[in-house]
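Student: Could we go through this structure together? I would like to learn how the descriptive words are earned.

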Amino acid sequence: MTTKTPRQSPKTADSPETGWAPEMEELQFRRARAEELGGAEAVAFQHGRDKLTVRERIDVLSDAGSFRELGKLTGKGRYDEHGRMEDFTPSNSVVGYGRVNGRKVVISGDDFTIRAGSSESTVSDKWVYAERIAHEYEMPLVRLVDTAGGSVKLLEQQQATKLPGYARWPSISLLGKVPVVGMALGACAGLGAIKVGISHFSVMVKDQGFVFAGGPPVVKQGLGQDVTKEALGGSRVHTRSGVVMNEARDEQDAFEQVKRFLSFMPPNIWETPDRIASDDDPERADPELDDAIPRDRRKVYDPRAILNRIVDQGSFFEVSRRFGGSVITGYARLNGHAVGIIANDPVVKGGALTLQAAQKMARFVDICDSFHLPVVNFVDQPGVMTGLEAETAGTMSAAIGLLGALEQVSVPWCSIIIRRAFGVGGGAHGPKHGPEGRSLNYRFAWPSARWGSIPIEGGVAAAYKKDITAAEDPDAFREELEAYYHRLASPFRTAEKFGIVDIIAPRETRSLLCDWVADAHALTTRQTGPKRRTMR
C-alpha cells in the first residue's frame, strides 16, 4: 500500500568545490517525495474508495494557485552508514495557507495515504504550528480531517509514551478569535474527532466520514460490543447527536458548504462580515406571507418557506438541521448584509424548546455574537418541552443556559413573533438587558401572534378544571372560555401598552428588516473585538 515511485537519491557534496548543486538537488528530491504522498499504490487505494487525497482536497477548497505549503520537508529520512540520505517519507499532514473566495485561510489536512493519517505517526508540531498561525495572524482555519487516530505502535518507536494533550495547541482560544471549520472526510478517531468538533462549523461526508472517540475495535475490546463504524459514528448518528452540524452528499458538496459558511463570517473578531451586492429589492413585499400562518392553531406550516420569502433570494444556509430540530438555525443575507437566523419549526415537537434545541440555539447565539452577526428570531415558541422524558433529561437546565447566552449577547437582535411566545421558552426569544444593561432587542409581531405565561388552552384546562367537568356541555363551555381569553390575549392589546414595538403585516417584514440591518451592521463595526467569553 505504501510503495513509492522508484527515484534515485541525490548525491551528497564531498568538497566545497561542488557548490550548492547537491543541496539543491536534495531539496527537489525531498519536495518531490512529499508530492507523492504515500506512493502510487496508496494513492490508488484512496481513490478506489472515492476519496480525494489531501493535496487534491486542498486544490478543491482553495483558489487556484493560492496555496502556500509550510513544512513540506517534515518527515523521516533514511540514511546509510555514512549519513547519506537514501530515501524520505513525508509527514502525514499537509499544512499551509491559501485563499478561499479571495480570503486568506489557514488549511491543515491529514494524509490518509501514510499510515492512515494516524495522529501518533505524524509530527504534531507541524499541525499545531499551523493552528498557531491562524491564532496569531487572525486568519480563519479549515481542518481536513481523515485520520485513524492514535496508534499503540508509537510505544515501540519511542520506547515511551506521553501524557495526552498538546500544550501549545490553542484549541479553545482559537474559537474566540477566528472562524474554525472541521471537516470529517474519512475516519476521525480520537484526536480527529476533537478536531472536527472544536469548530464553529462542522460537516461530514455521508457514508465516508466517521467520528468517534474510539473506533469499533476499541469498543469491542473495552465494552464487548460489536458495532459497525456507521452505527457508531456515521453521519446519521452525529448530525443528530450535535457533534457535527451538517451532512454532505460527497466531498464536493462538503467543500461548497464550507465556502458558504465562510462567506458569512469575518476573517476574525476584529472585523465585521462583508456585505455582498444583492439585486433582490429590499422593499419586496410577498403577499403570500399574509396567509402563511394558519388560523387553526392545530395546523402547522413550513417555516423554511417563510424564511426564504423574506431573506435575500437563495441566501439562506441552514446549519444543524437534524439536531434539536424544533429550532431552525442558519445564516442568510438581508439586502446583502450577513445575519444569523433563528426560527421555530412547529412540525418538530410543536416547536417546543427541547434540551437539544436549547443547546443548539445557545451555541448558535455564541457564534453570531463572537463574529458580529445581527440576529433575527422568527418566534413560534410554545414553551419549554414538558413531560417525564423532558424533566428527567434536565431540559430546564439547558433552557437556563440559553437564557445566560442571550443575556451575554452584544449584537443587535430583532424578534419577529409570528405565532406563539409562551413561558420560559417564549421569554428566550431574545436578550432583555444585554451586557452592561443594554437592551438591543427590537420586538415586532404579526397579527397571528399570541403570548403569555402559558398557552390559553392549557391555562383554561388547569384554572377551570372543576367548572368544565361540572358544566352541562363541558366541551362547549371550555371553548367559550378559550375564546374569551383569546380575545383578551389579542396582540393589539399589548401594542396599546407598548408591550410590543409594533404589529406589522407579514408582507412588510422584509422591508422592515432590510432597513434595520443597515443600522445594525453599522453598530457592530463599533463593537468589534473579543468577548468576555468564547464558545461555552
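**Reading the model step by step**

Tutor: Happily! The chain has 20 helices and 18 strands as its secondary structure. Keep in mind that this is a predicted model. The C-alpha trace spans about 105 × 55 × 40 Å along its principal axes, and buried residues make up 50% of the 536 residues.

Student: Let's start with helices. What makes helix 3 oblique to helix 10?

Tutor: Two packed helices are described by the angle between their axes and the distance between the axes. Helix 3 (residues 54-61) and helix 10 (residues 251-264) pack at an angle of about 45°, with axes 10 Å apart. Angles under 35 degrees count as roughly parallel, and 65 to 115 as roughly perpendicular. An angle of about 45° fits neither range, so helix 3 is oblique to helix 10. The crossing of this pair is right-handed.

Student: Which residues make that contact?

Tutor: Helix 3 brings Arg-57, Val-60 and Leu-61, while helix 10 brings Glu-251, Gln-252, Phe-255, Val-258 and Lys-259. They divide into 4 nonpolar, 1 polar and 3 charged residues.

Student: And why is helix 12 called roughly parallel to helix 14?

Tutor: Use the angle again. The axes of helix 12 (residues 355-370) and helix 14 (residues 395-407) cross at roughly 15° and come within 8 Å. Because that angle is under 35 degrees, helix 12 counts as roughly parallel to helix 14. Their crossing is left-handed. Among the residues in contact are Leu-355, Ala-358 and Met-361 of helix 12, together with Ala-398, Leu-402 and Leu-406 of helix 14. The whole contact divides into 10 nonpolar, 2 polar and 1 charged.

Student: Now some single residues. What makes the phi of Glu-138 worth a remark?

Tutor: Most residues other than glycine have a negative phi. Glu-138 is not a glycine, yet its phi is positive, about 60°. You will find Glu-138 in the loop between helix 4 (124-137) and strand 6 (141-147).

Student: How do you know whether Glu-138 is buried, partly exposed or exposed?

Tutor: Buried means under 20% relative accessible area, and exposed means over 50%. Glu-138 has 27% relative accessibility, in between those cut-offs, so it counts as partly exposed.

Student: Why does Asp-207 count as exposed?

Tutor: Its relative accessibility is 63%, which is over 50%, so Asp-207 counts as exposed. Asp-207 also has a positive phi, near 65°, and lies in the loop between strand 8 (201-205) and strand 9 (210-212).

Student: How do you know that strand 8 is mostly covered?

Tutor: Of its 5 residues, 5 are buried. In a regular strand the side chains alternate between the two faces of the sheet. On one side of strand 8, Phe-201, Val-203 and Val-205 are buried, and on the other side Ser-202 and Met-204 are buried too.

Student: How do you know that strand 7 and strand 8 pair?

Tutor: Pairing needs at least two bridges, and strand 7 (residues 180-189) and strand 8 have 4, in the parallel sense. Ala-184 stands opposite Met-204 in strand 8.

Student: And what do strand 2 and strand 3 form?

Tutor: A hairpin, with 5 residues between the two strands. Strand 2 (residues 75-79) and strand 3 (residues 85-90) pair in the antiparallel sense over 5 bridges, and Lys-76 has Thr-89 as its bridge partner in strand 3. In the turn, Gly-83 has a positive phi of about 85°.

Technical notes. Residues are numbered from 1 along each chain as its sequence is written. This is a predicted model: local features need pLDDT of at least 70, side-chain atom pairs count only at pLDDT 80 or more; totals for chains, interfaces and linings use all residues. Side-chain values use heavy atoms; hydrogens and water are left out. Axes are lines fitted to C-alpha atoms, for helices over the stretch in contact, and angles run from 0 to 180 degrees between N-to-C directions. Angles under 35 degrees count as roughly parallel, over 145 as roughly antiparallel, 65 to 115 as roughly perpendicular and the rest as oblique. A crossing is left-handed if the near helix is turned anticlockwise from the far one by less than a right angle, and right-handed if clockwise. Contact means heavy atoms within 4.5 Å. Ala, Val, Leu, Ile, Met, Phe, Trp, Tyr, Cys and Pro count as nonpolar, Asp, Glu, Lys and Arg as charged, and the others, Gly among them, as polar. Buried means under 20% relative accessible area, exposed over 50%, partly exposed in between (1.4 Å probe, protein chains only).
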